[in-house]
Amino acid sequence: MSTLRIGILTGGGDAPGLNAVLRAVTKLGAGRHHWQLVGVEDSFNGLLDDPRRLVDLTPQACRGLLVRGGTILGTTNRGDPFAWAWPDGRVTDRSAELAAAITEEGLDGLIVVGGDGTQRIAARLMATHGVPVIGVPKTIDNDLADTDFTFGFWSAVEVATEALDRLHSTAEAHDRVMLLEVMGRDAGWIALYTGVAGGADCIALPEIPYDVERFVHKIKERARRGRHFTMIVVAEGAVPRGGSLGAGVDGSQTTKVKAGSAAQTLAELLEARISGEVRTTVLGHLQRGGGPVPYDRVLATRFGVKAVELVREGRWGEMVCLRDNNVTSVPLVEVSQAPRRVSPDEPLLATARAVGIELGG
Ligand code: F6P
């Protein structure tokens with residue numbers, strides 16, 4: 001078999017572990033199988049820009065990458081080749097141009113490391129233009145339906161749990177209600193795991209619109225027991241019952257959900273009902289930055305190795321995934337479009353309730 005020339009890119013929001021995937025793919029693909037590995041900068045954009053932005057990935061270029069946060073290739077969640085938004089406001093389909101660039105660069109296929117949006121683009125590229133693709137899923141939100149876990153999630157939970165631990169002591173010292181807002185617009189996995197890991201008293205999830213009176217009851221019941229502080233984890237997509245994402249306390253709608261608005265909304269609702277002090281902390285991108293925790297390093301390495309195996313077996317059009325702790329794959333066309341949300345029968349919800357965590361509904 002002649003030497004393969006494979007492109008690899010990272011797309012969507014970054015997640016700790018992206019560099020570990022690049023390292024694993026390069027070590028095995030370039031180091032062992034002697035492929036030429038071409039990194040495409042900033043998602044698909046590096047192939048569409050003039051001049052093209054491509055880098056050779058060699059084992060030497062990947063030294064120290066296992067523990068490094070971000071992605072050495074850069075990434076973006078703008079730049080859908082099927083709906084390319086130009087600065088002057090035009091939106092055009094540049095997917096044929098992208099497919100032509102892949103051919104011109106002599107690439108035998110693309111490994112696409114990204115979230116649901118990026119995987120959708122990859123599947124469409126293959127279906128529409130016959131570009132051979134392999135998908136590797138990532139998101140800190142852990143809300144991809146076809147894999148039990150995505151790398152980056154446990155790193156985010158680690159940061160968020162440490163934040164909750166730190167807030168705990170100052171909340172107790174000042175007798176305050178502390179709200180910690182974590183990421184998760186559609187799914188509350190980070191909030192749920194952080195809340196359980198950090199011993200929160202209340203958790204507000206996007207999947208369970210909350211009755212604020214239940215949180216108030218929890219705060220007052222704790223005070224009666226001499227616990228004059230309360231820890232609440234709020235997912236950025238959490239809404240009060242009857243409210244909607246982007247709705248202000250007064251019911252006014254905003255067009256974009258701003259980081260911090262979920263915690264702010266709940267804080268204002270609480271302040272109107274209790275006499276104690278309420279403080280909010282918005283963790284934001286701190287939970288996405290930095291290096292991966294060991295679990296994510298291992299998972300990213302397993303995913304990278306599996307991606308190379310799929311290429312070797314010619315199983316184009318598949319996405320790597322984790323099922324019952326086995327790394328396997330699923331056809332990209334079967335990858336669910338909808339986010340995997342925390343379902344009412346999620347066992348961790350029952351665990352949370354069992355240890356007295358109020359979920360607001
Ligand atoms: O999907 C990952 C995620 O971190 C979400 O949890 C969050 O809502 C979003 O990205 C933030 O995106 P951006 O970095 O574009 O503000």
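Let me fix terms before we start: Ala, Val, Leu, Ile, Met, Phe, Trp, Tyr, Cys and Pro count as nonpolar; Asp, Glu, Lys and Arg count as charged; the others, Gly among them, count as polar. One caution as well: this is a predicted model.

Domains come next. The assignment gives the protein chain a domain 1, 5-151 + 292-323, and a domain 2, 155-289 + 343-354. Eleven residues of domain 1 and twelve residues of domain 2 make the contact. The centres of the two domains, taken over C-alpha atoms, are 34 Å apart.

How much area do domain 1 and domain 2 bury between them? About 950 Å². Carbon and sulfur atoms carry 57% of that area.

Now the polar side of this interface. Three residue pairs are in polar contact between domain 1 and domain 2, both residues at pLDDT 80 or more. On the side of domain 1 that touches domain 2, five residues are nonpolar, two are polar and four are charged. The rule also finds one salt bridge across the interface. Arg-288 and Asp-14 meet through their side chains in a salt bridge, at 3.0 Å from N to O. By the domain bounds, Asp-14 falls in domain 1 and Arg-288 in domain 2.

Keep Arg-288 in mind for the largest pocket. Its space comes to about 1,000 Å³. The lining has 35 residues, and Arg-288 is one of those nearest the centre, with Gly-13, Asn-77, Asp-141 and Arg-185. By class, that lining splits into ten nonpolar, twelve polar and 13 charged residues.

Where does the largest pocket lie? Both domain 1 and domain 2 give residues to its lining, so the pocket lies between them.

On to enclosed space. Rolling a probe the size of a water molecule over the atoms shows where space is left empty. How many cavities of 30 Å³ or more does the structure hold? Two.

The largest cavity has a volume of about 40 Å³. Four of its lining residues are nonpolar, two are polar and two are charged. The nonpolar ones are Leu-144, Ala-145, Met-319 and Val-335. Gln-119 and Ser-336 are polar, while Asp-116 and Asp-146 are charged.

The second largest cavity has a volume of about 30 Å³. Its lining also divides into four nonpolar, two polar and two charged residues. Val-182, Met-183, Ala-259 and Val-282 are the nonpolar ones. Gly-284 and Gln-287 count as polar, and Glu-181 and Glu-236 as charged.

To recap: one pocket between the domains, one salt bridge across their interface, and two cavities of 30 Å³ or more.

Conventions: Residues numbered from 1 in each chain as written. Predicted model: local features only at pLDDT ≥ 70, side-chain atom pairs only at ≥ 80, totals over all residues. Heavy atoms only, no water. 1 Å grid on protein atoms, 1.4 Å probe; cavity = no way out; pocket = protein on both sides within 12 Å on 5 of 7 lines; lining within 4 Å. Points joined across faces, edges and corners; volume = space filled by probe spheres on them. Domains from an automatic or database assignment. Contact = heavy atoms within 4.5 Å. Buried area = accessible area lost by both parts, 1.4 Å probe. Salt bridge = Lys/Arg side-chain N within 4 Å of Asp/Glu carboxyl O. Polar contact = N/O pair within 3.5 Å; in protein donor to acceptor, adjacent residues only side chain to side chain.
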